[in-house]
Amino acid sequence: MSDSRALAIEYLKQQRLLGGDSVILPGGWADGQTGRPEHDAAAAEPAPAVPPMRPSAHPPAGISFDPPSGDLFANDPIQRTASLEDIATLIAACRKCKLCEGRTNTVPGEGPATARLVVIGEGPGRTEDETGRPFVGRAGELLTKILEAIKLPRDQVYICNIVKCRPPENRLPQYDEIAACLPFLYRQLELVKPKVILAMGGTAAQSLLSTKQSLGSLRNQVHRFRGIPVVVTYHPAALLRNPNWKRPTWDDVRIAARLLDN
Ligand code: SF4
């Protein structure tokens with residue numbers, strides 16, 4: 001080994017003792033040696049074969065090697081439903097929020113799975129709770145007339161609510177009750193695939209569109225829920241209390257009718 005190489009090795013050793021970074025010499029030494037006897041001896045022997053990697057049947061606890069395969073929601077019973085009847089069965093047994101405590105019947109919704117229009121209200125009232133049907137009583141009769149005015153028989157429309165159990169004393173559904181119940185509505189909309197959604201009342205509109213905007217600012221325009229056009233208007237029960245809202249409601253319903261005709 002030349003003097004210059006011996007000096008260089010000595011210099012690098014000093015640098016390493018002083019905390020310097022490792023140095024990799026390109027191409028190694030000209031004579032195939034590293035300058036360190038233990039390495040040089042090992043380099044003279046053939047390298048041992050690398051054993052093949054075998055997947056461990058039992059990975060260490062707490063470490064995930066692979067993301068779960070398939071659909072993350074595959075075990076969600078709501079997502080596994082294949083029909084509106086399946087959803088109604090789940091709703092009948094549901095106790096996910098405190099509204100289950102005071103209900104007489106659940107009110108899942110009614111109408112054909114092929115409906116082009118879905119009407120969504122707030123929640124069941126007294127008559128709905130007693131019958132298990134949405135939009136019955138005077139508000140329901142008014143809805144039937146509104147639909148007939150755009151030449152849409154009620155039995156061709158899917159009608160449901162944001163919450164499927166009656167809030168006590170007809171109070172507004174609370175945030176946690178809406179959050180617990182919305183997955184049923186989402187699945188109903190996935191199965192029906194309507195051409196247009198008519199959200200009636202502030203609770204229906206705000207819950208579906210995830211907004212706090214007032215009904216007044218949401219109506220008279222077209223929104224979208226997962227690509228489906230949504231028209232917002234007053235709830236028939238509100239129209240019974242305030243007939244002045246019939247005219248703007250008619251304007252909104254005609255927007256929905258035009259979208260259906262397109
Ligand atoms: S309102 Fe909806 S989430 Fe609450 S108990 Fe009834 S079905 Fe279940």
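# A walk through the predicted model

Start by selecting Lys151, which sits in the loop between α6 (137-149) and β2. This is a predicted model, so treat the tour as a look at computed geometry. Lys151 is not a glycine, yet its phi is positive, at about 60°. Most residues other than glycine have a negative phi. Is Lys151 buried or exposed? Lys151 counts as exposed, because 9 other C-beta atoms lie within 10 Å, and the cut-off for exposed is 12 or fewer.

Now zoom out and colour by secondary structure. The protein chain holds eleven helices and five strands. Of its 262 residues, 29% are buried. If you switch on a contact map, look away from the diagonal: among contacts between residues at least 6 apart in sequence, 69% join residues at least 24 apart.

**The sheet**

Next, select the strands. The five of them form an open sheet, in the order β2-β1-β3-β5-β4, with mixed pairing. At the edges you will find β2 (158-161) and β4 (222-225), each of which pairs on one side only. Turn the view a little and follow the twist: neighbouring strands are turned by 30° against each other on average, direction ignored. Strands of a sheet pair through backbone hydrogen bonds, either parallel or antiparallel.

Select β1 (residues 117-121) together with β3 (residues 196-200). These two pair in the parallel sense over four bridges. Label Val118 and you will see that it stands opposite Ile197 in β3.

Keep Ile197 labelled and add β5 (residues 228-233). Here too the pairing with β3 is parallel, over four bridges. Which residue of β5 stands opposite Ile197? It is Val230.

Stay on Val230 and bring in β4. The strands β4 and β5 run antiparallel and are joined by four bridges. In this pair, His223 has Val230 as its bridge partner in β5.

**The hairpin turn**

Follow β4 towards β5. The two strands form a hairpin with two residues between them. Select Arg226, which lies in the loop between β4 and β5. Arg226 is not a glycine, and its phi is positive, at about 50°. Arg226 counts as exposed, because it has 10 C-beta neighbours inside 10 Å.

**The nonpolar core**

Now show side chains for the largest nonpolar core, which has 45 residues. Which of its members touch the most other members? They are Leu117, Val118, Val119, Ile120, Val157, Leu198 and Ala199. Val118 is the residue you met opposite Ile197.

Centre the view on Leu198 and display its contacts. Leaving out residues up to four places away in sequence, Leu198 touches Leu117, Val119, Val231, Thr233 and Ala256.

**The ligand**

For the last stop, select the ligand and the 14 residues around it. Which of these come nearest? Cys94, Cys97, Cys100, Cys165 and Cys181 do. If you colour the shell by residue class, it divides into nine nonpolar, one polar and four charged residues. Finally, highlight helix α7 (residues 175-192), which gives the most to this shell, with three residues.

Definitions and conventions. Residues are numbered from 1 along each chain as its sequence is written. This is a predicted model: local features need pLDDT of at least 70, side-chain atom pairs count only at pLDDT 80 or more; totals for chains, interfaces and linings use all residues. A residue is near a molecule or strand if its C-beta atom, placed from the backbone, lies within 6 Å of it. Ala, Val, Leu, Ile, Met, Phe, Trp, Tyr, Cys and Pro count as nonpolar, Asp, Glu, Lys and Arg as charged, and the others, Gly among them, as polar. Two strands pair if DSSP finds at least two bridges between them. Axes are lines fitted to C-alpha atoms, for helices over the stretch in contact, and angles run from 0 to 180 degrees between N-to-C directions. A residue is buried if 20 or more other C-beta atoms lie within 10 Å of its own, exposed if 12 or fewer, and partly exposed in between; C-beta atoms are placed from the backbone. Two residues are in contact if their C-beta atoms, placed from the backbone, lie within 7 Å. A nonpolar core is a set of buried Ala, Val, Leu, Ile, Met, Phe, Trp, Tyr and Cys residues joined through C-beta atoms within 7 Å.
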